[in-house]
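Reader: Hi! Could you walk me through this one? I'd like to chat about charges first and then the backbone.

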Amino acid sequence: MKTICLYFEIHQIIHLKRYRCFDIGTDHYYYDDYENERSITEIAERSYIPALTALLEMAKSNGGAFKVAFSISGVALEQLEIYSPAVIDLLHQLNDTGCCEFLCEPYSHGLSSLANEECFREEVSRMSAKIKQVFGQTPKVFRNSSLIYSNEIGSVVASMGFKGILTEGAKHVLGWKSPHYVYHCAYNPNLKILLRDFKLSDDISLRFSNSDWSEYPLFADKYIGWIAGLPEEEQVINIFMELSALGISQSLSSNILQFFKALPACAKEKGISFSTPTEIVTKFKSVDQVDVPYPLSWADEERDTSCWLGNVMQREAFNKLYSVAGRVHLCNDRRIKQDWDYLQASNNFRFMTTKKTGLWLNRGIYDSPYDAFTNYMNILGDFISRVDALYPVEIENEELNSLLTTIKNQGEEIEKLQKELDKYKKKAAKKAAAE
């Protein structure tokens, strides 16, 4: 039986304010609060709230047959808690249906997986704990920022206990293979890989309301018909997109929500089910490994990381930021930690791209990629000076590494003791129940 894995990403950027070189050393607040409130409120009203309301209705009206998955960045969750708690409430209601799974992703929605393993592990663990705290679920499947994946990243994710990971079904990686199977990591067969069907996903998120598209208008029965027409042995169809596609990329007036509401009934007629990522990695066996020696993503035609790290400016900003990763890791200053999360966000580097993609890129306050680079580097200069004030550059690398090793060992010891405590509590509870 064919099954559809429907997944939505929820992320909202933190807008930086105009920050000039004269502000370095005097102004340590980097954000445009008005624009942050305006943008998150607008996207919640135009997209998140109506889309989640529709998905909640689908979950309730289909007797558990409809399933959906989300990942939400820590940065987005912080903003929604402040400016649009109604979105969080709808996510709670979806969670209560038992038809919703929450995946884990890096807290900052950044590129730490490409730069610093310790930094990456820390923010993934923090995001996993946040999901557990807010929604009561312990994520078992991971989704990296913009579906970035490589063999090395997969190995790290597997070592953190995740059972599966989502990534792009890129042609240059798959070759003749189909994305409609479950695969596994080349470095660790215990990590199963779910590959996005970019055509079926983009038919909704990019082309749905395009009247010049040869398949316009797209109806639910036609869409499900395409899936039903796939070879019988191709049983896993992964439809991944941003939640903002419902209401922003595709306006509500295009009847995008009515299209989604009709999907479960059309799928049932064809004998097609819906499953969460964890259900799929649990139920289906891997058919083969996927070898990804170089990072891929779901971005642009190249499906690589060039939109963030493709030019000299982007790489300079990226390397400069992560040059202080070890010192930030030592830090307990709340403001430094928060700024670190916000400055890591991948959109900061996307604004600096000089690629000609044929698609319009909203750079916000920036007139050009060079303007974005200058503003970011001014902010980064002030941020690094604050980090250096706490942990001066005079600290020798050996001393710094010793401190980091001590912290890591203490963390591992605490985790070990916590596991032993949990086991003891379970045994005590079973003994008490038996008596």
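**A chat about charges and backbone**

Author: Happy to. R303 is buried, and D202 is buried as well. Keep in mind that this is a predicted model.

Reader: What do the side chains of R303 and D202 do?

Author: They meet in a salt bridge, at 3.9 Å from N to O. R303 lies in the loop between β10 (289–290) and α11 (306–309), while D202 is in helix α7 (residues 198–205), so the pair ties together parts that are 101 residues apart in sequence.

Reader: Nice. And how many salt bridges are there in the whole structure?

Author: A search of the whole structure finds 25 salt bridges. As a general point, side chains of opposite charge can pair when their charged atoms come close.

Reader: Which residue does R207 pair with?

Author: That would be D203, with a salt bridge of 2.7 Å, N to O. R207 is partly exposed, at 24% relative accessible area. D203 has 1% relative accessibility, so it counts as buried. There is also a network: E35, R38, E42 and R46 are joined by salt bridges that share partners.

Reader: Good to know. Where do R121 and E117 lie?

Author: Both are in helix α4 (residues 117–135), four residues apart, which is about one turn of the helix. Their side chains meet in a salt bridge of 2.9 Å, N to O.

Reader: Are those two buried or exposed?

Author: Partly exposed in each case: R121 has a relative accessible area of 23%, and E117 has 41%. Buried would need a value under 20%, so R121 at 23% falls in the partly exposed class.

Reader: Let's switch to the surface. Which residues form the positive patch?

Author: K423, K426, K427 and K430 form a positive surface patch. K423 sits in helix α17 (residues 397–434), and K423 is exposed, with a relative accessible area of 58%.

Reader: New topic, the backbone. Which peptide bond is cis?

Author: The bond from Y216 to P217 is cis, with omega near -5°. P217 is placed in the loop between α7 and α8 (220–228). For context, most peptide bonds are trans, and most residues other than glycine have a negative phi.

Reader: On that second point, what is the phi of N255?

Author: N255 has a positive phi of about 70°, although it is not a glycine. You'll find N255 in the loop between β8 (236–242) and α9 (256–269). N255 is partly exposed, with a relative accessible area of 43%.

Reader: And what about phi of D300?

Author: D300 is not a glycine either, and its phi is positive, near 60°. D300 is in the loop between β10 and α11, and R303 lies in that loop too. At 15% relative accessibility, D300 counts as buried.

Reader: Where is A325, by the way?

Author: A325 is in helix α13 (residues 325–330), and A325 is buried, with a relative accessible area of 6%. The C-alpha atoms of A325 and E42 are separated by 34 Å, with their positions 283 residues apart along the chain.

Reader: Last one: which residues does the UniProt domain annotation cover?

Author: The UniProt record, an unreviewed entry, gives "domain: Glycoside hydrolase family 57 N-terminal" for residues 6–293. In the model, that span is 42% helix and 14% strand, and its end C-alpha atoms lie 27 Å apart.

Reader: Great, thanks for the tour!

Definitions and conventions:
Residues are numbered from 1 along each chain as its sequence is written. This is a predicted model: local features need pLDDT of at least 70, side-chain atom pairs count only at pLDDT 80 or more; totals for chains, interfaces and linings use all residues. Side-chain values use heavy atoms; hydrogens and water are left out. A salt bridge is a side-chain nitrogen of Lys or Arg within 4 Å of a carboxyl oxygen of Asp or Glu. Helices (H or I, at least four residues) and strands (E, at least two) are DSSP runs, numbered from the N terminus. Buried means under 20% relative accessible area, exposed over 50%, partly exposed in between (1.4 Å probe, protein chains only). UniProt positions are given in the numbering used here, feature names are shortened, and annotations may be inferred rather than shown by experiment. Patches are made of residues with over 30% relative accessible area and no salt bridge: like charges are joined within 9 Å, nonpolar side chains (Val, Leu, Ile, Met, Phe, Trp, Tyr) within 5 Å. Accessible areas come from the Shrake-Rupley method with a 1.4 Å probe; for residues, only the protein chains shown count as cover. Lys and Arg count as positive and Asp and Glu as negative; His and the chain ends are not counted. The place of a charge is taken as NZ of Lys, CZ of Arg, CG of Asp or CD of Glu.
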